[in-house]
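Me: I should like to work through the side-chain interactions and strand pairing of this structure in a series of questions. Please give the reasoning before each result.

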Amino acid sequence: MVHMEITYASPSSRDLLRSSPTASGSAMPIRPVKIIPLQHPDTTSYGSPGGFGSSPSSFRSSSLFSGVRGKIKRMTFVDWIEMFLPCCRWIRTYRWREYLQIDLMAGTTVGVMLVPQAMSYAKLAGLDPIYGLYSGFVPIFIYAIFGSSRQLAIGPVALVSLLVSNVLSKIADSSDALYTELAILLALMVGILECIMGLLRLGWLIRFISHSVISGFTTASAFVIALSQAKYFLGYEIDRSSEIVPIIKSIISGADQFSWPPFVMGSMILAIIQTMKFLGKSRKRLKFLRAMGPLTAVVLGTTIVKIYHPPSITLVGDIPQGIPSFSIPKSFQYAKSLIPTALLITGVAILESVGIAKALAAKNGYELDSNQELFGLGVANIFGSFFSAYPTTGSFSRSAVNHESGAKTGLSGIITGIIMCCALLFLTPLFEYIPQCALAAIVISAVISLVDYEEAIFLWRVDKKDFLLWTITTTTTLFLGIEIGVLIGVGVSLAFVIHESANPHIAVLGRLPGTTVYRNVEQYPEAYTYNGIVIVRIDAPIYFANISYIKDRLREYEVVIDKSARRGPDVERIYYVILEMAPVTYIDSSAVQALKDLHQEYKSRDIQIAISNPNREVLLTLSKSGVVELIGKEWYFVRVHDAVQVCLQHVQSITESPIASDPSHEGKSSFFQRILKQRAEDSLVSELESGNNNTNIPSDPTDEDPRLEPLLSRRS
């Protein structure tokens, strides 16, 4: 029978062990262990271009700058134009016969939807309806030029309108001119912030805010928005607040002023809008009904008012006719007090608008740069502030309608802007008779979809921690206000991130039977470990915040040993700790010092550290700090399996009859050499490494000792 050995090693493998002296002093041949050599960095060649000796920070920065330089060199004149004017991308490839009719229909549909919504959201923000129309006019044209999304529909939205109302109502009364000036100034500030973050590519900062926080925030905001519109249904004034308790108290205290006509009309219009929305979503043939709902509400309410003239129903009133004139925002002395709200609105723009834009881009088969999209939103807000617009961002509902209507390019947005222009020029006299309860019904219908109860159910089923975060954000936003709710939600979210970072996942690895693959023993119960050796994988960067936790876990693994699935030499304690460092992307100076301390601690207990597969930057840091020399270059390996082979032979040597040696001579020799001198024979090691010898093959497979399963398998 012919045996063929599978070493799983590359042609560059080298023999770690050749021979060792026996007790008699003669050289006895020992079966070599095949391992893949690990290339150690040259710490003296820091300045080598792209060399292994470059420092980690300089390597990262040089890679970043070289990538940017390479990208700039590859850019053509057309690429530069498209970078500053993303609209050129779709203009250059526009298929007039194929796209024009579709874009016209989509733009018209969204425009019909936007006109009544814009007036409704302006009322929610505490502004006159005309400012909602202004906000849906100039920013749309600017975004069509500088925005990179072809389906995103921007303009006034409910959440931003609530934020505007919440902060400005604390500074001025909504009937004052100062209130309007501050809303326009806020648009300028939001635009500047968005442009700065887009140009500096700082959009990643918002990634630290969990989606659970945003979902909880929008859910709570939906309740606050809906209750704030109740005054138009009930027929009497209620207190303006971002907390739910004062609003409910105000509603209850004024119940004696309740009026039936606005309640009946508002409820009827709300029911019609919801029915049309449901039919538009559930049946493809009727999808146009979804966009027609707000327009239907306005037309129906206006018709009823014109016919019956109910005295108890309040109307929108006179709306100025014509497009807005150019003006520079005023009241800059209040800018400092508006910064928190501007930051919050910018965060909403990044998380919601950019998220919607990226999803639509993926569905329509084109790429979208988040930072460029943020810059486009910023430019739209800056120009909008010069034409009396308050902060705008991408609308989920209108963007969904735009996409479902088949919009192909930004031309659909231009069509929507043209419809808004026509409304400002010709239709404002008709808007005078729109009932306030009809606009309130439009707002309530829009925010019903913001109540994300499905997300709460999903989080409860999948991740209780995220559900707790959702619950905390929702509750605090409802009862303590928007700013406090968001701050608490973000704070708890960051606390969870810090906790996960400071307590990383650490796994004990075992070998899958019949392979040289090592996996988490908790995930793979069939994986087995070896006596005297513990293999640990650290699944995170190692730095000052988590090194203490990692050291505690390593000590725990050293003491708590599960012997039920262990094989190899029969020893009572751990002699080798193998650290699998493939997932470790970074290691800082605190972690380096902790590794040195850990090495000394292990050395005092005669335990050796072995390190497997560190990446380039980690290995360079260890080399420069002296950890490689401290532990010994021979204890760094490419694979876990290589480390196990070497450690297992040493453990086996320890179980052999020890050779009494001169203490002074033993002190001079290295740990590695002392182990080799203690080896007297190789029979059991050969069985461990290569299978059973021909003289020791068991007749019955059931009698085979599981501890002697070979490291390197054989097959015939």
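The questions below concern a predicted model and take up strands, charged residues and aromatic rings in turn.

Me: How many of the residues of strand S13 are buried?

Reply: Strand S13 covers residues 576-580. Tyr576, Ile578 and Glu580 point one way from the strand, Val577 and Leu579 point the other way, and all are buried. The strand is therefore largely enclosed by the rest of the structure, the buried count being five of the five.

Me: Which way do S11 and S13 run, parallel or antiparallel, and which residue of S11 stands opposite Glu580?

Reply: Strand S11 comprises residues 533-538, and five bridges join it to S13. The two strands run parallel. Opposite Glu580 of S13 stands Arg537.

Me: What is the bridge partner of Glu580 in S14?

Reply: S13 is also joined to strand S14, residues 608-612, by five bridges, and these two strands run parallel. Within S14, Glu580 has as its bridge partner Ser612.

Me: With which residue does Arg537 form a salt bridge, and how far apart are the closest N and O atoms?

Reply: Arg537 has a relative accessible area of 19%, and the limit for a buried residue is under 20%, so Arg537 is buried. Its salt-bridge partner is partly exposed, at 27% relative accessibility. That partner is Asp539, and the closest N and O atoms are 2.7 Å apart.

Me: Why does Lys551 have no salt bridge, and what is the distance to the nearest side chain of opposite charge?

Reply: Lys551 is found in helix H22, residues 547-559, and is buried. Leaving aside residues up to four places away in sequence, Lys551 touches Ala594 and Asp597. A salt bridge requires a side-chain nitrogen within 4 Å of a carboxyl oxygen, so Lys551 has none. The nearest side chain of opposite charge is that of Asp597, at 4.7 Å.

Me: How many residues apart in sequence are the parts that the pair Arg573 and Asp606 ties together?

Reply: The side chains of Arg573 and Asp606 meet in a salt bridge, with 3.7 Å from N to O. Arg573 lies in the loop between strand S12 (566-567) and S13, while Asp606 lies in the loop between helix H23 (589-604) and S14, so the parts tied together are 33 residues apart.

Me: Over the face of which residue does Arg573 lie, and at what distance from the ring centre?

Reply: Arg573 is partly exposed, with a relative accessible area of 31%. Besides its salt bridge with Asp606, Arg573 is placed over an aromatic ring. The ring is that of Tyr575, and the distance from its centre is 4.0 Å.

Me: Which residue of the salt bridge between Lys231 and Glu237 is exposed?

Reply: The side chains of Lys231 and Glu237 meet at 3.9 Å, N to O. Lys231 has 16% relative accessibility and therefore counts as buried. The residue at 62%, which counts as exposed, is Glu237.

Me: Which residues are joined into one network by salt bridges that share partners?

Reply: The count of salt bridges comes to 14. Where salt bridges share partners, one network results, made up of Asp552, Arg555, Glu601 and Arg605.

Me: What is the geometry of the aromatic pair formed by Phe137 and Phe141?

Reply: The structure holds 15 aromatic pairs. In the pair of Phe137 and Phe141, the centres are 5.7 Å apart and the planes lie at 90°. Phe137 counts as buried at 9% relative accessibility, whereas Phe141 counts as partly exposed at 25%. The geometry of the pair is edge-to-face.

Me: Why is the pair of Phe326 and Phe386 classed as it is?

Reply: The ring centres are 5.6 Å apart and the planes lie at 35°. Planes under 30 degrees apart would count as stacked and those over 60 as edge-to-face, so this pair is neither and falls into the remaining class. The class of the pair is tilted.

Me: Where in the chain do Phe326 and Phe386 lie, and how many residues apart are they?

Reply: Phe326 is in the loop between helix H13 (288-308) and helix H14 (335-364). Phe386 is in the loop between helix H15 (370-385) and strand S7 (393-394). The pair links distant parts of the chain, the separation being 60 residues.

Definitions and conventions. Residues numbered from 1 in each chain as written. Predicted model: local features only at pLDDT ≥ 70, side-chain atom pairs only at ≥ 80, totals over all residues. Heavy atoms only, no water. Helix = DSSP H or I, 4+ residues; strand = E, 2+ residues; numbered from the N terminus. Buried < 20%, exposed > 50% of the residue type's maximum accessible area, 1.4 Å probe, protein only. Lys, Arg positive; Asp, Glu negative; His and termini not counted. Contact = heavy atoms within 4.5 Å. Phe/Tyr/Trp six-rings, centres within 6.5 Å; stacked < 30°, edge-to-face > 60°. Lys NZ or Arg CZ within 6 Å of the ring centre and 35° of its normal. Pairing = 2+ DSSP bridges.
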